[in-house]
Amino acid sequence: MPVTIKVNGNAHSVDVDGDTPLLWVLRDVLGMTGTKFGCGMALCGACTVHVDGIAVRSCITPIDSVGSSAVTTIEAIGETPAGAKIQKAWLDREVVQCGYCQSGQIMSASALLATNPHPNDSDIDDAMSGNICRCGTYVRIREAIKLAAQSTGQGG
Ligand code: FES
Ligand code: FES
């Protein structure tokens, strides 16, 4: 039975089983491949998207649990105030190495900054601990979040 989801402001009707993971719908049905598959078990963070502004692991999020919530992916995060600042800081600090984990890193960092415009080290650790980077870009990620926060006013 078709399910309607709202992704990056656009409604899509998709004909999938209700237990299909959101990640599969995004990548295989809608062709939005910016969100990555890593572990499929909520262990790496590569698949992170926002559902109503909350960072979630799309690999374990059944499509029928999304309902009418607004899904935001890496393709549109730059259109949000926090996402734009995070992406600029990522470029300024040259965070990316191989890049595979970085969509998820940016989505988690953007969700953090949108709700906490001036995160301390502990806040950053809490928000980012579930995002694994095999290339070890953690130091630059932390620097970039702090740089983005410096340019963040009230409300992120
Ligand atoms: S692919 Fe979802 S957390 Fe790893
Ligand atoms: S940049 Fe390569 S896994 Fe993070």
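Here are a few friendly notes on this predicted model, from the whole chain down to one helix.

1. A good place to start is the list of elements. The protein has 5 helices and 5 strands. Read from the N terminus, they follow the order β-β-α-β-β-β-α-α-α-α. The radius of gyration is 15 Å, close to the 15 Å that the globule rule gives for 156 residues, so the protein is as compact as a globular protein of that length.

2. Next, the overall dimensions. Along the principal axes, the C-alpha atoms fill a box of roughly 45 × 35 × 25 Å. Of the contacts between residues at least 6 apart in sequence, 58% join residues at least 24 apart.

3. On inside and outside: 44% of the 156 residues count as buried. The protein exposes about 7,700 Å², and carbon and sulfur atoms supply 52% of that area.

4. For charge, you will find 11 positive and 15 negative side chains. The centres of these two sets lie 9 Å apart.

5. Do take a look at helix H3, which covers residues 102-115. From its first C-alpha to its last, H3 reaches 20 Å, close to the 20 Å expected at 1.5 Å a residue for its 14 residues.

6. How many residues of H3 are buried? The count is 12 of 14, and H3 is thus mostly covered. Among the buried ones are Gln102, Gly104, Ile106, Met107, Leu112 and Leu113. The buried residues of H3 pack against three strands, E3 (48-51), E4 (54-57) and E5 (70-72). They also pack against helices H2 (81-92), H4 (121-128) and H5 (138-150).

Terms used. Residues numbered from 1 in each chain as written. Chains lettered and ligands numbered in written order. Predicted model: local features only at pLDDT ≥ 70, side-chain atom pairs only at ≥ 80, totals over all residues. Heavy atoms only, no water. Helix = DSSP H or I, 4+ residues; strand = E, 2+ residues; numbered from the N terminus. Rg over C-alpha atoms; globule rule 2.2 N^0.38 Å. Buried < 20%, exposed > 50% of the residue type's maximum accessible area, 1.4 Å probe, protein only. Contact = heavy atoms within 4.5 Å. Areas by Shrake-Rupley, 256 points an atom, 1.4 Å probe, with all protein chains shown as cover. Lys, Arg positive; Asp, Glu negative; His and termini not counted. Charge placed at Lys NZ, Arg CZ, Asp CG, Glu CD. Expected span 1.5 Å × (residues − 1).
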